[in-house]
Amino acid sequence: MRWRFKWFWLYGFVCPQTEQTYWWLMPRVNTESFSRVLQDFAQHFEIGAKKRIVLVLDQARWHTTPKLVVPEGMHRVFLPPYAPELQPAERLWPLTNEAIANQYFETIEAVEDAICHRCQELRSGPKAVHRRRQ
């Protein structure tokens with residue numbers, strides 16, 4: 001029997017101070033995809049010469065490669081290896097997993113729809129993430 005799998009990747013950002021979230025669903029995770037997400041993130045939040053942010057990342061290859069296109073005003077800080085508890089975005093994953101836990105989905109598109117709906121709920125306001133964590 002040959003198993004075939006379909007995947008998608010959820011990119012999530014959170015501001016620890018405001019708990020505002022930002023999401024992307026992508027068919028893969030690699031340097032090109034991450035560069036595209038960072039570019040859109042920078043445009044959405046008007047990051048540039050006059051507005052700067054610090055982005056805390058783990059040391060995944062697509063985060064650290066010199067080939068990554070990092071928009072102006074975005075500064076990366078890398079966490080030590082094996083320290084996911086220090087990553088602000090790590091607390092987002094249990095919140096998104098709630099949408100699909102203990103459910104059966106006929107298609108990958110149905111899973112994507114459930115995840116998209118959950119991400120929209122979490123973006124509904126900064127208090128949404130805080131309420132869900134308690």
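Here are some questions and answers about a predicted model.

Reader: Hi! How many disulfides does the structure hold?
Author: Good place to start! A disulfide is a covalent bond between the sulfur atoms of two cysteines. To count here, two cysteine sulfurs must lie within 2.5 Å, but the sulfur of Cys116 is 6.5 Å from the closest cysteine sulfur, in Cys119, too far for a bond. The number of disulfides in the structure is zero.

Reader: Is Cys119 buried or exposed?
Author: Let's use the cut-off: buried means under 20% relative accessible area. Cys119 has a relative accessible area of 7%, whereas Cys116, at 33%, is partly exposed. With its 7%, Cys119 is therefore buried.

Reader: Which element gives the most to the largest nonpolar core?
Author: Nonpolar side chains tend to be buried together in soluble globular proteins. In this model the largest nonpolar core has 16 residues, and Tyr11, Phe13, Phe34, Leu38, Phe41 and Met74 are those with the most contacts inside it. Two or more residues come from each of β1 (9-14), β2 (21-26), α1 (31-44) and β3 (53-57). The element that gives the most, with five residues, is α1.

Reader: Which tryptophans is Tyr11 in contact with, leaving aside its neighbours within four places in sequence?
Author: Tyr11 is one of the residues with the most contacts inside the largest core. Leaving aside neighbours within four places in sequence, its contacts include Tyr22, Met26, Phe34 and Val37. The tryptophans in that list of contacts are Trp23, Trp24 and Trp93.

Reader: How many residues are in the second, separate core?
Author: You have already met one of its members, because Cys119 is buried, with a relative accessible area of 7%. Phe8, Phe105 and Val111 are also included in this second core, along with Cys119. Its residues number 13.

Reader: How many residues apart are Arg91 and Glu19, which form a salt bridge?
Author: Side chains of opposite charge can pair when their charged atoms come close. For Arg91 and Glu19, the closest N and O atoms are 3.5 Å apart. Arg91 sits in the loop between β4 (74-78) and α3 (92-97), while Glu19 sits in the loop between β1 and β2. This pair links distant parts of the chain, and the two residues are apart by 72 residues.

Reader: In that pair, which residue counts as buried?
Author: The cut-off helps again: a residue is buried under 20% relative accessible area. Arg91 has 25% and is partly exposed. At 10%, the residue that counts as buried is Glu19.

Reader: Which residues are joined into one network by salt bridges that share partners?
Author: Let's build it up pair by pair. The side chains of Glu98 and Arg118 meet in a salt bridge of 2.7 Å, N to O; Glu98 lies in the loop between α3 and α4 (108-123) and Arg118 in helix α4, so the pair ties together parts 20 residues apart in sequence. Arg118 also forms a salt bridge with Glu121, with the closest N and O atoms 2.9 Å apart. Sharing partners in this way, the residues joined into one network are Glu98, Arg118 and Glu121.

Reader: About how many helical turns separate Arg118 and Glu121?
Author: Both residues are in helix α4, three residues apart. Arg118 counts as buried at 11% relative accessibility, and Glu121 as partly exposed at 26%. Because they are three residues apart in the helix, the separation is about one helical turn.

Conventions: Residues are numbered from 1 along each chain as its sequence is written. This is a predicted model: local features need pLDDT of at least 70, side-chain atom pairs count only at pLDDT 80 or more; totals for chains, interfaces and linings use all residues. Side-chain values use heavy atoms; hydrogens and water are left out. Buried means under 20% relative accessible area, exposed over 50%, partly exposed in between (1.4 Å probe, protein chains only). A nonpolar core is a set of buried Ala, Val, Leu, Ile, Met, Phe, Trp, Tyr and Cys residues joined through side-chain atoms within 4.5 Å. Helices (H or I, at least four residues) and strands (E, at least two) are DSSP runs, numbered from the N terminus. Contact means heavy atoms within 4.5 Å. A salt bridge is a side-chain nitrogen of Lys or Arg within 4 Å of a carboxyl oxygen of Asp or Glu.
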